[in-house]
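Work through the exercises below with the sequence and the 3D structure open beside you. Try each task before you read its solution.

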Amino acid sequence: MEGKDKILIVEDETSIRETLEDLMLARGYEYVSFDNSEDAYLYLMNNDDIDLVLSDIMLPGRSGLDMLDSIRSRAKFELTPVILLTAKVEEEDVRLGIQKGADDYIRKPFKTKHLYAAIATQLERYKKLRTSQQRIKDTVDVQDELLESIAVINSHWVRAPLTNIFALLNMAEEQGHPVGDKELRYMRAQLETLDEMLKAVAAQVNGYRASGSFRFRDFRLPSQQSDIIAVDDDSMQLTFLKFLFRKHLPEATLTCYTSPEEALEQIVSRETPPDLLITDLQMSPMNGFDLVDQLLEKEIRLPVFILTSSMHATDIEKAMHYNNIYQFLQKPIDGQKLKQIFTSSADRSGIIAGQKYCS
């Protein structure tokens with residue numbers, strides 16, 4: 001059942017205020033009344049139950065117009081109807097009141113039917129405005145949900161398979177077997193076009209320009225024989241990452257896990273933590289941020305690179321709150337970019353370890 005409309009009455013003359021109270025009760029309205037604008041405004045600021053303000057203009061202390069000015073300065077009361085009562089209607093007062101946001105004037109002494117009509121009109125208008133405002137908010141919420149769905153579809157249902165195809169093509173080229181077949185070249189060109197379109201969609205949805213990486217701060221591996229852990233539930237991406245490390249950072253030890261839970265267990269059980277954690281962001285049931293949080297809870301603070309198919313502004317904003325997240329890497333990573341990231345680790349030789357964890 002819909003509650004009764006509640007009126008805030010502000011009138012310093014006791015007889016008129018009591019008359020207004022009786023009229024509100026007779027019409028079925030609830031009310032709260034004050035003899036000054038300061039107490040009335042304080043009530044309004046601390047309560048959300050007022051549907052209409054009925055105020056005299058001439059009040060002790062701050063006038064009704066001053067109170068109206070304060071009410072309209074607050075966004076949450078921009079739609080609340082305000083009816084002003086006045087013993088005399090001066091053109092300047094009317095103009096000033098309308099300018100400050102008054103919805104109607106009632107001249108004292110007033111006729112009951114005119115007062116009721118003015119209140120009913122403004123309450124009906126207020127309800128329609130609130131309904132329209134809620135519809136707009138609901139529409140915006142639906143649009144936000146739709147945009148988020150587009151971002152998820154773009155990132156994980158479309159770009160993730162694309163990155164695997166790119167990884168295979170890149171691996172062939174890195175191994176010295178560049179794609180020479182006409183159909184394969186055409187396929188790669190089409191994939192690149194589609195990928196750029198999807199990244200453009202992601203950029204629009206997330207409100208920033210998509211790029212191959214996003215760096216918060218510089219990071220350098222402590223030595224050529226650095227110990228690195230990579231976590232990604234997509235084994236194809238780990239296979240490609242393994243290949244790139246073998247070619248460009250051969251002396252580093254890369255240990256791969258497809259399970260973030262297993263990676264967490266192994267890191268915690270080590271006497272010496274790894275030098276770097278590279279983790280996929282979207283994994284289930286534990287995502288990349290969850291993995292970092294679990295490590296921090298156990299007082300294990302590792303340098304972290306985030307690996308992702310599509311960078312989202314919300315993810316980047318969240319990552320900025322972590323002091324140990326250094327960079328976002330967008331899949332598929334190419335060899336040259338990997339070399340640039342680890343410039344101090346160039347020209348290495350050796351083999352890569354830990355491959356048994358990569359399926």
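**Exercise 1.** Find which residue is the bridge partner of Val 231 in β9, and describe in which sense β7 and strand β9 pair.

*Solution.* Please keep in mind throughout that the model is predicted. Begin at Val 231 and cross to β9, where its bridge partner is Thr 279. Then widen the view to the two strands, and you will find that β7 and β9 (residues 276-280) pair in the parallel sense over 4 bridges.

**Exercise 2.** Determine how β7 pairs with strand β8, and trace the path of the chain from β7 to β8.

*Solution.* First, take Ile 228, whose bridge partner in β8 is Leu 254. Next, count along the pairing of β7 with β8 (residues 253-257), which is parallel and extends over 5 bridges. Finally, follow the chain out of β7, through helix α7 (residues 235-248) and into β8, a β-α-β crossover that is right-handed.

**Exercise 3.** Decide whether strand β7 is largely enclosed or open, and explain why.

*Solution.* The first step is a general one: in a regular strand, side chains alternate between the two faces of the sheet. Applied here, the two faces of β7 can be listed separately, with Asp 227, Ile 229 and Val 231 on one side, Ile 228 and Ala 230 on the other, and all of them buried. Because 5 of the 5 residues of β7 (residues 227-231) are buried, the strand is largely enclosed by the rest of the structure. The paired strand β8 is mostly covered, with 4 of its 5 residues buried. As background for both strands, 46% of the 359 residues of the chain count as buried.

**Exercise 4.** List the buried residues of helix α2, and find which elements they pack against.

*Solution.* In α2 (residues 37-46), the buried residues are Ser 37, Ala 40, Tyr 41, Tyr 43, Leu 44 and Met 45. To read such a list, recall that an α-helix has 3.6 residues a turn, so residues three or four places apart point the same way. The buried residues of α2 pack against three strands and a helix, namely β1 (6-10), β2 (30-34), β3 (52-56) and α3 (64-72). At the start of the helix, a side-chain oxygen of Asn 36 comes to within 3.2 Å of the backbone nitrogen of Glu 38.

**Exercise 5.** Establish whether Asp 56 is buried or exposed, and which side chain it meets in a polar contact of 3.3 Å.

*Solution.* Locate Asp 56 in strand β3. Its relative accessibility is 3%, and because buried means under 20%, Asp 56 counts as buried. The polar contact of 3.3 Å joins its side chain to that of Lys 108. Beyond its neighbours within four places in sequence, Asp 56 is in contact with several residues, including Val 10, Glu 11, Asp 12, Gly 64, Leu 85 and Thr 86.

**Exercise 6.** Describe the setting of Leu 329, and state what distance separates its C-alpha atom from that of Ser 309.

*Solution.* Leu 329 lies in strand β11 (residues 325-330). With a relative accessible area of 2%, Leu 329 is buried. Its C-alpha atom and that of Ser 309, 20 residues apart along the chain, are separated by 8.5 Å.

Terms used
Residues are numbered from 1 along each chain as its sequence is written. This is a predicted model: local features need pLDDT of at least 70, side-chain atom pairs count only at pLDDT 80 or more; totals for chains, interfaces and linings use all residues. Side-chain values use heavy atoms; hydrogens and water are left out. Buried means under 20% relative accessible area, exposed over 50%, partly exposed in between (1.4 Å probe, protein chains only). Two strands pair if DSSP finds at least two bridges between them. A crossover is right-handed if, with the strands pointing away from the viewer, the path from the first strand over the helix to the second runs clockwise. Contact means heavy atoms within 4.5 Å. A polar contact is a pair of N or O atoms within 3.5 Å; within protein, one must be able to donate a hydrogen and the other to accept it, and residues adjacent in sequence count only if both atoms are side-chain atoms.
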